[in-house]
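Here's a quick briefing to read alongside the model. Start with one serine, then work outwards to the sheets, the rings and a few odd spots.

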Amino acid sequence: MTTTPKSLRIGTAASWWGDRVDPARLIAETCDLDYLCFETMSEVTISSAQVTKRRNPSFPGYDSFLDQRMQAVLPGCLKRGTKITSNQGWINPTGAAERIVHWLRHFGAKGVKVAAISGSQITDRLYGMNTTLFENGKPTSSLGDSLVSAEAYLGAEPILKALQQGAQIVVSGRCADPALYLAPMMHSFGWKPTDYEMLGRGTGIGHLLECGPQITGGYFADPGFKDVPEPWNLGYPFAEVLSDGSAIIGKPDGTGGLISERTVKEQLLYEIHDPANYITPDVVVDLTGARISQVGADRVRVDGISGKPRTDTLKVSVGCLEGWAIEEMLFFAGEGALDRAMLSKRILEERFRIIDLKAQEVRFDLPGLNAIHQGIGPDLASEPYEVILRASVKTASLEEAQKVGSEFDAMGVNGPGMIGKRAPRLDRVREVVGVMSTLVPRDQVTPRIDYFVS
């Protein structure tokens, strides 16, 4: 007879593709976790991966740091029996699973079952679903040949099924970030897909953990207002989750950062448009009753979150080609730096007219002076000693974007005196992948699970 555990300890190993690896190693080795979760995707990751694959057929399609991350955490996870859930599969979950098996064998682990969850990619079927884009109200078919990818957000159920089938490591493609944390709770506590109250609580905890160091002081520090100890040594968080869906959030002892009521509250509302209706594939979460309380040093209790029945649709991230972009900069220092920067701007504007630059968008700004709050910042109190002139240009073709780079390169000897610039443009022109959204019927997306054994 299986006994339901009273608590479950779940830790975070990554909050996005570029997150640090060393804190993941530390939490795997020292925190006696039941589960370790990797969240390495963002809205643009899938589309960027698709574009990379088109340019470089040898690109494997999964998290490009998969090797480093597995090498860091597998020894600790294998030693302590920690299971792993991850969305590092990107556009090739089976390839990621096979690579994980490689590292399991490297570390001498035999008989470890790895599951790959795919089926979120619906690119070839999107136009047949007659859906509408949120951003412009047009049918998705209006994207035509610019469509790169369409990825539906899967929920926790496929991960749950893989865990029920004995998988010790589960790697997926696109799924809702909290689902990586919710599935282990469902599996351990026996929560059913229709237990919306519990799923709401578990998803709320998953939402708190998914952004990793943001709840331990990252993206929080504001010197003099919100001070954070040793922000260069932030630990990744874990949650001690009880079977009633409440949890205590903590971090590894001896790490920098902090876990406080304020860090937890900020993360709770991060990316939440309507706290009463946070829509996920598994449940609509109601955060309005959440209770946050400090229960110890770097320990915060969370309860009071609830849930409502899930929707009949799934969100889909749609990647589409939107042309080309280039960003160039010129540097000025000393007396008259601002005047020389503004003269350079005038020269470039006239040159763009002379060469008949066909641009969809041209933006000039002065980082440090007006780049973020363009037009609404305070007037300068004094003449700046250093100034950067930056131009960001978006075009429909590669050739037009390259014109911008040529003009900036020419400014080295054709612009004002005492000008500084970067080396010639080389790879600074990039293809722009836009991300849009739509909804598709839930029953039109069918996950698939493949198993591999080390």
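Serine 437 sits in strand E18, which covers residues 429-441. This is a predicted model, and in it serine 437 comes out as buried because its relative accessibility is just 8%. Setting aside neighbours within four places in sequence, serine 437 touches Thr132, Leu133, Phe134, Glu135, Lys315 and Val316.

**The ten-stranded sheet**

- Ten strands make up an open sheet with mixed pairing, and the order runs E11-E12-E8-E7-E1-E2-E3-E6-E4-E19.
- At the edges you'll find strand E11 (291-296) and strand E19 (448-453), each of which pairs on one side only.
- On average, neighbouring strands in this sheet are turned by 20° against each other, if you ignore direction.
- For a look at one pairing, take strand E7 (residues 238-242) and strand E8 (residues 247-250): they run antiparallel and are joined by four bridges.
- Which residue in E8 is the bridge partner of glutamate 240? That would be isoleucine 248.
- Helix H3 (residues 66-80) lies across strand E1 (7-14), strand E2 (35-38), E3 and strand E6 (169-172), and its direction is at about 170° to E2.
- Helix H8 (residues 261-268) lies across E11 and strand E12 (299-303), this time running at about 150° to E11.

**The three-stranded sheet**

- There's also an open sheet of three strands, ordered E9-E10-E13, with antiparallel pairing.
- Its edge strands are strand E9 (278-279) and strand E13 (306-308), and each pairs on one side only.
- Strand E10 (residues 284-286) pairs with E13 through three bridges, in the antiparallel sense.
- Across that pairing, valine 285 stands opposite glycine 307 in E13.
- Helix H7 (residues 196-210) packs on this sheet and touches E9, E10 and E13, with its direction at about 115° to that of E13.

**Rings and charges**

- Searching the whole structure turns up six aromatic pairs.
- One of them joins tryptophan 16 and tryptophan 17: the ring centres are 6.2 Å apart and the planes meet at 80°, so this pair is edge-to-face.
- Both partners are partly exposed: tryptophan 16 because its relative accessibility is 46%, and tryptophan 17 because its value is 34%.
- Another pair, phenylalanine 189 with tryptophan 191, is tilted, at 5.4 Å centre to centre and 40° between the planes.
- Are phenylalanine 189 and tryptophan 191 buried or exposed? Both are buried.
- Ring pairs also tie Trp16, Trp17 and Phe65 together as a cluster.
- Two charged residues lie over ring faces: arginine 9 over phenylalanine 238, at 4.4 Å from the ring centre, and lysine 226 over phenylalanine 220, also at 4.4 Å from the ring centre.

**Positive phi outside glycine**

- As background, most residues other than glycine have a negative phi.
- Tryptophan 90 goes the other way, with a positive phi near 50°.
- You'll find tryptophan 90 in the loop between strand E3 (83-86) and helix H4 (93-106).
- Tryptophan 90 counts as buried because its relative accessible area is 5%, under the 20% cut-off.
- Asparagine 130 has a positive phi too, of about 55°, although it isn't a glycine.
- Asparagine 130 is in the loop between strand E4 (113-118) and strand E5 (147-152).
- Is asparagine 130 buried or exposed? With a relative accessibility of 68%, asparagine 130 counts as exposed.

**Cysteines**

- How many disulfides does the structure hold? Zero.
- Why no bond for cysteine 37? The closest cysteine sulfur belongs to cysteine 175 and is 9.9 Å from the sulfur of cysteine 37, so the two are too far for a bond; a disulfide would need the sulfurs within 2.5 Å.
- Cysteine 37 is buried, as its relative accessible area is 0%.
- Cysteine 320 is buried as well, with a relative accessibility of 3%.

How values were computed:
Residues are numbered from 1 along each chain as its sequence is written. This is a predicted model: local features need pLDDT of at least 70, side-chain atom pairs count only at pLDDT 80 or more; totals for chains, interfaces and linings use all residues. Side-chain values use heavy atoms; hydrogens and water are left out. Rings of Phe, Tyr and Trp (its six-membered ring) pair if their centres lie within 6.5 Å; planes under 30 degrees apart count as stacked, over 60 as edge-to-face and the rest as tilted. Buried means under 20% relative accessible area, exposed over 50%, partly exposed in between (1.4 Å probe, protein chains only). A charge sits over a ring if NZ of Lys or CZ of Arg is within 6 Å of the ring centre and within 35 degrees of the ring normal. Helices (H or I, at least four residues) and strands (E, at least two) are DSSP runs, numbered from the N terminus. Two strands pair if DSSP finds at least two bridges between them. Axes are lines fitted to C-alpha atoms, for helices over the stretch in contact, and angles run from 0 to 180 degrees between N-to-C directions. Contact means heavy atoms within 4.5 Å.
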